[in-house]
Amino acid sequence: MKPINEVRSVLTPLDHKNVDTDQIISKEFLKRIERTGFGKYLFHHWRYNADGSVNEKFVLNDERFKESTILVAHDNFGCGSSREHAPWAILDYGFQVVIAPSFADIFHNNCFKNGILPIRLSVGEVEELLAKGKAAPYALEVNLEQQTVRGEDGKTYSFTIDPYYKQMLLNGWDEISLTFQYEEHIAAYEQQHA
Amino acid sequence: MAKTIIEKVWDRHIVYEEQGKPDLLYIDLHLLHEVTSPQAFEGLRLAGRKVRRPDLSFATMDHNVPTKNLPIIQDPIAKKQITTLERNCQEFGIELAHMEHPDQGIVHIIGPELGLTQPGKTIVCGDSHTSTHGAFGAIAFGIGTSEVEHVLSTQTLWQSKPKTMEIRINGKLGFGVTAKDVILAIIAKFGIDVGTGHIVEFTGEAIRSMTMEERMTICNMSIEAGAKAGLISPDQTTVDYLRDRRYVPKGAAFEEAAAEWLALATDEGAVYDTTLEIDAAAIEPFVTWGTNPSMGSGISANVPSADDFANESDKEALKKALAYMGLSEGTPLTQIDIQHVFIGSCTNARLSDLRNAAEVIAGQKVHPSVTAIVVPGSRTVKKQAEEEGLDKIFTEAGFEWRESGCSMCLAMNDDVVPAGERCASTSNRNFEGRQGAGSRTHLMSPAMAAAAAIKGRFVDVREMKLAHA
Ligand code: SF4
């Protein structure tokens, strides 16, 4: 997993609430047996019309956001299925940070395992970011170490994050190797409960 | 101190705890299926790791499998997932109910059926509807593929202790109202993220009088309320269901286990972080009209209007949903025509669900403009239903009777609802495109879906039942 600390980019304003994992990555693309290559299918049914043509109105098709690595959306982002294909698609497409007022639990967990930083800001703060980002491209500077999001106009927001997951992201740790250090405890538990 | 079942089960699975860290939890049962496991096994292989406890893992094939013309899978990529799971289970020594095995079925249906699911266990699966198993008083939740790999290698997971929530269903259910209506009403009332960060215990008189199959329907959809997991304290109903199942202890050992299970129930006076209540008697047969499971109403209602909502973003969400669903504000639900009926999924494809549907359609015909299919949740359910002659009732009415699998619940196989067409479905998600690109899903109980199949539109099943009687 790639470590993550500072991320600078214009934000992509995704003006939707309850964005579900079926939208993030539709089931027809779940049949791959690899972890990579899902980015081109991200938000497929919003990016493309039924006839396969590009939906010009969808924000990901807006040239100004093509290089963006920060996605901002409304509450309950990532609800629905447990498919990790959703964060894989987000990461593979190029996003490293997702900002929303709230995330569904499994999606939130899945982000940390893949080096994506999910940031919770208040509803008001997210609405402010979305409004700015929709009016004109608006750049953000995210700093995980300091737990801040700083807008190009100097407006700064701070966020909280579980210290354990913060370390994992900052260091790009492989959680399984970490857990192997607790082998003794696992073996003891198994013995006790055998 | 009085404890909830949630705390009791959680605490006894802590392998390691430390301030500032999630708890390291031991996992008692790991269920696997073909869609969310291949990358996890590949990860093991790349890192040269083994499966720590193949004996605590169990796999089946459900998401991709065809429901007719077995065993031929037309789709080469789906076929690859199936053969990959076979190879992985062989290589790592995991028991597999493969496509043609008599135990095959939807993972959340066969776990309880085989008695793998038991009170007090921690159960995970790379699938969000793992919450189903909570009906037995287990802590059961869905995980991502990285976590699947973590459990395969270590039989543990790092988990922050969720908050506890009680959802109490007071009183008795009315005539013709089912578990599905209850959970849809709960989600409509409290919202699709009410449970975020919580494990929910369902309590109350209505729950106590439910069968295990009904309790599974309730817990199945706790994820649609955003909950980490949903569960129900075990009681005599739980014990009776499990007795003599294949993987439960037998004889005296069973009695011992049963006593332990019953002791897990939430103590009198235990306190939850949050308690919500709903009145069972006020719940009607339910139908969803929108694009998430909270967008639903009792069958006597109309599709809502923007004026029913105070805030702008809710009005906006309603408009988006209705545009997708091809519905107008204020339309009575009973005037909505359908083209498809799907009776199936881990929510509602157990034997009692099929019986409920069969009871409604017996001696009648599917409406000429409707295509209707029944997909039993497992091969065992299918066999039992056939022994009772339910298959005849369905096929004589004009339903197709299929092999078991997830099927049209997520339409990864060939069972797809065409764009712009409407499906009365007993599954759990009505997201855009869930049953096929452009498809329109309405969630409801098996009895309501069966009634819709006959009439070609939504009807209050209670009227049909009365007409029958
Ligand atoms: S039936 Fe539907 S919800 Fe249940 S496991 Fe299969 S795809 Fe998931």
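The mean positions of the 20 positive and 28 negative charges of chain A lie 5 Å apart. Lys and Arg count as positive here, Asp and Glu as negative, while His and the chain ends are left out. Each charge is placed at NZ of Lys, CZ of Arg, CG of Asp or CD of Glu. Chain B carries 46 positive and 62 negative side chains, with the centres of the two sets 2 Å apart.

This is a predicted model, in which local features need pLDDT of at least 70, side-chain atom pairs count only at pLDDT 80 or more, and totals for chains, interfaces and linings use all residues; side-chain values use heavy atoms, without hydrogens and water. Residues are numbered from 1 along each chain as its sequence is written, chains are lettered from A and ligands numbered from 1 in the order in which they are written.

The predictor gives the complex an ipTM of 0.91 and a pTM of 0.94. Chain B averages a pLDDT of 95, and 99% of its residues score at least 70. pLDDT is the predictor's confidence in each residue, from 0 to 100.

**The two chains**

Chain A has eight helices and seven strands. Chain B has 16 helices and 19 strands. Both kinds of element are DSSP runs numbered from the N terminus: helices are H or I with at least four residues, strands are E with at least two.

| Chain | C-alpha box along the principal axes | Exposed area | Carbon and sulfur share |
|---|---|---|---|
| A | roughly 60 × 45 × 25 Å | about 8100 Å² | 48% |
| B | roughly 55 × 55 × 45 Å | about 15800 Å² | 49% |

The areas come from the Shrake-Rupley method with a 1.4 Å probe; for residues, only the protein chains shown count as cover.

What radius of gyration does chain A have? The value is 18 Å, which agrees with the figure near 16 Å for a compact globule of 194 residues. Chain B has 21 Å, in agreement with a value near 23 Å for a compact globule of 469 residues. The radius is taken over C-alpha atoms, and the globule rule is 2.2 Å times the number of residues to the power 0.38.

Of the 194 residues of chain A, 58% are buried. In chain B, buried residues make up 65% of the 469. Buried means under 20% relative accessible area, exposed over 50%, and partly exposed in between (1.4 Å probe, protein chains only).

Contact means heavy atoms within 4.5 Å. Among contacts in chain A with a separation of 6 or more, 66% join residues 24 or more positions apart. For chain B, 76% of the contacts between residues at least 6 apart in sequence join residues at least 24 apart.

**Two helices of chain B**

Helix α8 of chain B spans residues 212-220 and is mostly covered, with eight of its nine residues buried. Among them are M212(B), M216(B), I218(B) and C219(B). The buried set also includes E213(B) and R215(B).

Helix α12 of chain B runs over residues 351-361. Its buried residues include L351(B), D353(B), L354(B) and V360(B). Just after α12(B), G363(B) takes a positive phi of about 80°.

**K27(A)**

Where is K27(A) placed? The residue is in the loop between α1 (21-24) and α2 (44-47) of chain A. K27(A) is buried, with a relative accessible area of 4%.

Leaving aside residues up to four places away in sequence, K27(A) touches R83(A) in its own chain. From chain B, K27(A) touches L410(B), A411(B), M412(B), G433(B), R434(B), Q435(B) and G436(B). K27(A) and R83(A) are 56 residues apart in sequence, and their C-alpha atoms are 9.5 Å apart.
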